[in-house]
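Visitor: Hey, got a minute to walk me through this one?
Guide: Sure, have a look and fire away.

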Amino acid sequence: MITESFVREHLDRFEDFWHRREAAIQHEVTIEAYGYPLHFATNDPLLLEVPRLCVDRYSRSKLIENAAPLHLNFILDRQLPIKRVPINWPSRLRYIGQNDWLTVNAEPWVNSFADLKQHIGLAFVSESIAQKPLLLSRYIGDCFVLNMLLRTGWGELHASCLYRDRRAILLIAPHNTGKSTTAFRLAMNGYQLLSDGMTYVRPHPFPPLFANAENDQGQFKNANGGGLGRGLELLGYPIGEVKLRMDMLKEFPQIKKHGRKTLVREDAKMVFNLREAMPDRMCEDSIWPQEIVVCLLERVNSHKTVADPIDRSAALNDLLPNSSHLTNVSLLTNNLNSIEQLLDRARCYRLKIGSDVTGILKAIENL
């Protein structure tokens with residue numbers, strides 16, 4: 001009878017046609033992602049920088065008891081050609097999802113895919129892009145983590161969120177309307193920034209296990225046996241970062257040295273790290289607001305800023321394009337139910353932004 005000890009003794013005799021020896025896991029680390037354990041594994045220590053950079057962009061939240069972990073495996077593939085990473089590398093990425101599967105690819109630097117239901121992501125990366133852990137963490141690691149967590153029933157909003165005195169201000173606007181600039185102005189005037197990208201809504205009590213989040217028909221179940229409405233937690237991504245258009249930099253000369261240039265939808269912008277520039281103006285932790293104000297921003301050709309109240313139905317209709325499409329209608333329904341709970345507690349406005357900066361801030365303060 002062949003024993004495992006015999007096989008181990010003769011492993012080097014087997015042909016490694018699929019390069020499994022080269023891809024074998026040798027390094028592992030566990031971090032926390034929004035209260036869930038995230039296990040990261042790799043065959044090369046260089047890639048251990050990826051999870052460290054990921055966690056810096058996630059809101060800190062209390063560890064969810066008995067939560068099933070997320071898994072990311074990043075494998076250095078030396079068969080991929082060594083090719084210089086271009087400055088516009090993020091624009092080379094191709095994203096496509098089908099049911100529980102998601103792929104993110106940019107040949108010849110990275111091929112990656114994730115089984116979102118099993119919460120496992122796998123990336124094969126070239127030596128060239130392995131030297132750029134910031135890109136891998138931001139565009140591959142974060143993409144997989146956030147899509148896995150959307151399956152738990154989070155509500156997702158493309159929104160900036162600011163916080164002061166238990167009051168949360170959510171700013172939602174089309175691209176290049178002035179959302180980030182307005183958020184930064186609020187941060188410069190006493191608010192703390194939770195996020196200038198995505199804001200996630202997590203009602204509590206909340207199902208702690210991915211395995212219990214759906215039944216066999218894909219319908220949501222509350223593991224705590226009751227409604228989801230006893231508390232509302234807001235979480236941000238990426239925390240500590242603000243993107244400003246290049247033409248707005250002249251308004252904030254005091255932080256210019258803390259920025260780095262990047263491309264956002266082919267537009268050049270400057271990304272500022274508030275940990276360096278204004279650490280007291282950022283929220284590291286998730287928030288539990290007592291008061292919520294939702295502002296749908298519009299740019300108008302006027303000096304004055306005007307805030308018009310809108311009802312929950314109108315707000316929800318405008319928020320739909322600011323959340324992510326999911327193939328599973330039950331999952332998408334759960335996400336929208338979380339957003340609806342936010343709207344149930346919020347005052348909603350259509351904020352028509354004029355050219356007077358002081359007027360913008362005053363209008364928001366008076367909401």
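Visitor: How many bridges join strand β15 to β17, and do they run parallel or antiparallel?
Guide: β15 (residues 291-299) is joined to β17 by 8 bridges, and they run parallel. One pair there is Arg-299 with Ile-353 as its bridge partner in β17. Two strands count as paired if DSSP finds at least two bridges between them. Strands are DSSP runs of E with at least two residues, helices are runs of H or I with at least four residues, and both are numbered from the N terminus.

Visitor: Quick check before going on, what kind of model is it and how are residues numbered?
Guide: It's a predicted model, where local features need pLDDT of at least 70, side-chain atom pairs count only at pLDDT 80 or more, and totals for chains, interfaces and linings use all residues. Residues are numbered from 1 along each chain as its sequence is written, and side-chain values use heavy atoms, with hydrogens and water left out.

Visitor: Back to β17, what does it do with β16?
Guide: β16 (residues 306-310) pairs with β17 in the antiparallel sense, over 5 bridges. Ala-307 stands opposite Leu-351, and Ile-310 has Cys-348 as its bridge partner.

Visitor: Is β17 enclosed or not, and why?
Guide: It's largely enclosed by the rest of the structure, because 6 of the 8 residues of β17 (residues 346-353) are buried. Buried means under 20% relative accessible area, exposed is over 50% and partly exposed is in between, using a 1.4 Å probe and protein chains only.

Visitor: What's the strand order in that sheet?
Guide: The order is β11-β10-β8-β9-β15-β17-β16, an open sheet of 7 strands with mixed pairing. β11 (231-237) and β16 stand at the edges with a single partner strand each, so one side of each has no neighbour in the sheet. From one strand to the next, the twist averages 40°.

Visitor: Which strands does helix α6 lie across?
Guide: α6 (residues 179-187) lies across β8, β9 (167-172), β10 (192-204), β15 and β17, and runs at about 25° to β8. Axes are lines fitted to C-alpha atoms, for helices over the stretch in contact, and angles run from 0 to 180 degrees between N-to-C directions.

Visitor: Switching over, what's the order in the sheet with β1 and β4?
Guide: That one goes β1-β2-β3-β7-β6-β5-β4, an open sheet of 7 strands with mixed pairing. The edge strands are β1 and β4, each pairing on one side only. Neighbouring strands there are turned by 15° against each other on average, direction ignored. α5 packs on this sheet, touching β1, β2, β3 (70-76), β4, β5, β6 and β7 (120-125), and its direction makes about 155° with that of β3. Contact means heavy atoms within 4.5 Å.

Visitor: Where do the hairpins come in?
Guide: β4 and β5 form a hairpin with 2 residues between them, and Asn-99 in the turn has a positive phi of about 55°. β4 (residues 94-98) and β5 (residues 101-106) pair in the antiparallel sense over 5 bridges, with Gln-98 opposite Trp-101. β5 also forms a hairpin with β6, with 3 residues between them. β5 and β6 (residues 110-115) run antiparallel and are joined by 6 bridges, one partnership being Asn-105 with Asn-111.

Visitor: What's in the largest nonpolar core?
Guide: It has 45 residues, and those with the most contacts inside it are Phe-74, Trp-89, Val-125 and Ile-140. α5 gives the most to this core, with 10 residues. Apart from it lies another core of 30 residues, including Leu-193 and Val-293. A nonpolar core is a set of buried Ala, Val, Leu, Ile, Met, Phe, Trp, Tyr and Cys residues joined through side-chain atoms within 4.5 Å.

Visitor: How many aromatic pairs are there?
Guide: A search of the whole structure finds 9. Tyr-34 and Trp-154 are an edge-to-face pair, because their ring centres are 5.2 Å apart and their planes stand at 90°. Rings of Phe, Tyr and Trp (its six-membered ring) pair if their centres lie within 6.5 Å, with planes under 30 degrees apart counted as stacked, over 60 as edge-to-face and the rest as tilted.

Visitor: What does that pair tie together?
Guide: Parts that are 120 residues apart in sequence, because Tyr-34 lies in the loop between β1 (27-33) and β2 (36-42) and Trp-154 in the loop between α5 (133-150) and β8 (155-164). Tyr-34 counts as buried at 1% relative accessibility, and Trp-154 counts as buried at 0%.
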